[in-house]
Amino acid sequence: MNYRLIILISLLFFASSHLNAQSYQDPQHHACLKCHSNQSYSFHNDVTDKEVKRLMNPYYVLDTFAISAGVHKSFDCTDCHSSEYEVYPHQATLKLEPLSSCLDCHGGDESYAKYKFEEIQAEVEKSVHHKVYGENFSCSKCHNQHTYAATARNSDNVLEIVDYSNKLCLSCHNDMKKYKLISGHNNPKLVEVHDWLPNQALHFQHVRCIECHTEVVDSLMVSHNILSKDHAVKKCVECHSADSRLKASLYKYENLRKRSENGGLSTVLTNSSYVIGTHQSPFLKLLSILIFLATLAGIIIHSIFRILKK
Amino acid sequence: MAATEKIYFYPLWLRIWHGINALGIIVLIVTGISMQSSMETSVIGFSLVVKLHNIAGVVVTLGYIVFFVGNLVTSNGKYYLIKIKGFIKQPIKQALYYSWGMFHGMKAPFPLSEKRKFNPLQKIFYVVVMYLAVPGVIITGFALLFPEIIIEKVYDFSGVFVTAIFHSALGFFISIFLVIHLYIASIGKSPLENYKSIITGWHHI
C-alpha cells in the first residue's frame, strides 16, 4: 500500500516538474516567453508581408531563472494576465486590464494566515511610501511578483538575506528613473547621506536598510512601516547593546535562530553578537567579573595582613 | 652601603612614556567598559566614547613604539631579559615572599640593585604585558579600526567577532594587570615611595 502511494506521489511530482520545465525552463517554446525572455523578438507583419525583428522593451524582459526560483513559479502567465495576450500584436486595451493585487489572492485565506497579509497592508498604509504615492504604491513596487522568493524565511545565511532585502530597496533608491516616477524628485546619493555611519560598507553588507528605517512591530516578521529619514535609527547603541533591536528584526527568523542554536560552541560564545567585545558572550562576561572580584578580594586580604603585621 | 642609597632607575624618556601610557590606558579601559555596556548619556554619547577610545589607542600605540625602540637603543632593555635558569623557581620564590615571607619578617629574596630593576615575578608579568598583551591589543585594535581587512570567517565565527573577543579579553587582562601593578607599587620602603620614584626617577634602596 505504502509503495503504491510513494509511486503515485513520485509520478505526480515528476509530472508537475515536467509542466514547469515546459513553461519556464524552456522559454523558447513558451507562447509568451519566446519573446519576453529575449532582448529582441521577431514576427511576421501581415500588412507588409515581411519578417520583422525588433528590440524588446527592457522593462518587459523577464528573467526565467528567477521566475522558476520564485514563489509563483507554478503559475503560468495567463493565470494572472489575460489570455488575449497570446495574440500578437497585443490589443492596446489590454493595458487597461485590472491585475490582481496580492491581497486579492492572499487576503482572508487561512492557508496564508501565517504571513499576515492584512496586517502588512495596514503597516504599509502608515509608511512613507504610502504617504507619497497612495494606493498606487502596491506590494509589487518592492516585491516583484514574477521573481519574489521568501529568502528571509528560508535562507540560513544572514548575508544572503541582507543582500536580497537591500536589493529590493535599491531597485528604486539606486535607480534615478524609478525613484523619480514615485517621488517626483531625484534620488539622494545613498553613500553621501549615510556618510555619518562608521564602516558604511560593512553595515550595508551585514544589516538590512529596514533595520534602521522601519518601526519594529513584534507581531510581524518584517515591519512594513517604512519611516521617513527623520525617524530612522541613528544611535549606535540601538543595535550595539545587549538589548539590540536586531534581535527583534534581522535575528527574529526561526531559521537564523536555529542555526545559532545548533552551532555547539557558538551557543556558549555568541548570544548577542552585536554587543561590543567579550560581553557579547555571557560566559566570558561572568568569567571576567569573577576574575575582577577575585583580584580585588586578594588585594583587600593582602592589605589587611600588611596592616595587621606592621 | 648606606640605607639611603638611591638609584636613578627611571630616565626621563621612560617617565614621560610611562605617564602618557598610563593616561592612555586608563582612558582606554574606561571607554572600553563603557562601550561594552553600551552606556549612553546625554553628556557623553556612544560615538564620542568610540572616538576617545580610537584616539587613546593611537596615542598608546605611538607610545609603545617609543617604549620598544627606547628599550632597544638604551640600556633599559636589559632589565627585561629573562634567563632560563630559575625561570620557574625564582618567580615562585618571590610570590611566596609576597604571600608569606613579608608577613614573617623575611627579607626580599631579590633585592633591587643597578643590575636588577625588577624582581623575577615582576619581570615575567612586565614581559608578558609589554611584549605579548600590548602588541596583541594594538594589532587587534587596529584591525577593528579598519574592519574591512579582517578575514570574513574563522571556521564558523565571523572574523570581526573573533577579533573583538581577543581585543577585549587582552584589554581585560591589561586592566587586571593595572590593578595589581598599582597595588604592588605600594609595597615599598613606605607605601608612597614607589609612586614618588616613577615621578622623580630616583629609587631608594
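The exercises below, each with a worked solution, concern a predicted model with chains A and B.

**Exercise 1. Confidence in chain A**

Task: State the average pLDDT of chain A, and find which elements have the lowest and the highest mean pLDDT.

Solution: Begin with the whole chain. The average pLDDT of chain A is 83, and 83% of its residues score at least 70. Next, take the elements one by one. The highest mean, 95, belongs to strand E2 (residues 50–55) of chain A, and the lowest, 43, to helix H15 (residues 265–269) of chain A. Then look for stretches with pLDDT below 50. One of them covers residues 14–22 of chain A, with five contacts in the model beyond near neighbours in sequence. Another covers residues 263–272 of chain A, where 18 contacts of that kind are found in the model. Finally, a caution on reading: where pLDDT is low, the predicted coordinates should not be read in detail.

**Exercise 2. Secondary structure, burial and contacts by chain**

Task: For each chain, give the helices and strands, the buried share and the share of contacts between residues 24 or more positions apart.

Solution: Start with chain A. Chain A contains 16 helices and two strands. Of its 310 residues, 15% are buried. Among contacts in chain A with a separation of 6 or more, 50% join residues 24 or more positions apart.

Continue with chain B. Chain B contains six helices and four strands, in the order β-α-α-α-α-β-β-α-α-β from the N terminus on. Buried residues are 20% of the 205 in chain B. Among contacts in chain B with a separation of 6 or more, 69% join residues 24 or more positions apart. Along the principal axes, the C-alpha atoms of chain B fill a box of roughly 60 × 40 × 35 Å.

**Exercise 3. The two domains of chain A**

Task: Locate the domains of chain A and describe the side of domain 1 of chain A that touches domain 2 of chain A.

Solution: First, set the bounds: domain 1 of chain A spans 8–99 and domain 2 of chain A spans 100–253. Their centres, taken over C-alpha atoms, are 30 Å apart. Second, list the participants: ten residues of domain 1 of chain A and seven residues of domain 2 of chain A make the contact. Third, on the domain 1 side, helix H3 (residues 64–69) of chain A supplies the largest share, three residues. Last, that side of domain 1 of chain A is made up of seven nonpolar residues, two polar and one charged.

**Exercise 4. Pro188(A)**

Task: Is Pro188(A) buried, partly exposed or exposed?

Solution: Place the residue first: Pro188(A) lies in the loop between helix H10 (176–183) and helix H11 (190–193) of chain A. Then count neighbours. Pro188(A) has 13 C-beta neighbours inside 10 Å and therefore counts as partly exposed, since exposed requires 12 or fewer and buried 20 or more. For a distance within the chain, Pro188(A) and Leu94(A) are 94 residues apart in sequence and 36 Å apart in space, C-alpha to C-alpha.

**Exercise 5. A helix pair across the chains**

Task: Classify the packing of helix H16 (residues 282–308) of chain A with helix H5 (residues 159–184) of chain B.

Solution: The axes of these helices come within 11 Å and cross at roughly 5 degrees. H16(A) is therefore roughly parallel to H5(B), because angles under 35 degrees are classed that way. From H16(A), the contact involves Ser288(A), Ile291(A), Phe292(A), Thr295(A) and Ile299(A). They meet Phe172(B), Ile176(B), Val179(B), Ile180(B) and Tyr183(B) in H5(B). By class, the contact has eight nonpolar residues, two polar and no charged.

Note on methods:
Residues numbered from 1 in each chain as written. Chains lettered and ligands numbered in written order. Predicted model: local features only at pLDDT ≥ 70, side-chain atom pairs only at ≥ 80, totals over all residues. Domains from an automatic or database assignment. Contact = placed C-beta atoms within 7 Å. Nonpolar A, V, L, I, M, F, W, Y, C, P; charged D, E, K, R; others polar. pLDDT = per-residue confidence, 0-100. Axes fitted to C-alpha atoms, helices over the stretch in contact; angles between N-to-C directions. Parallel < 35°, antiparallel > 145°, perpendicular 65-115°, else oblique.
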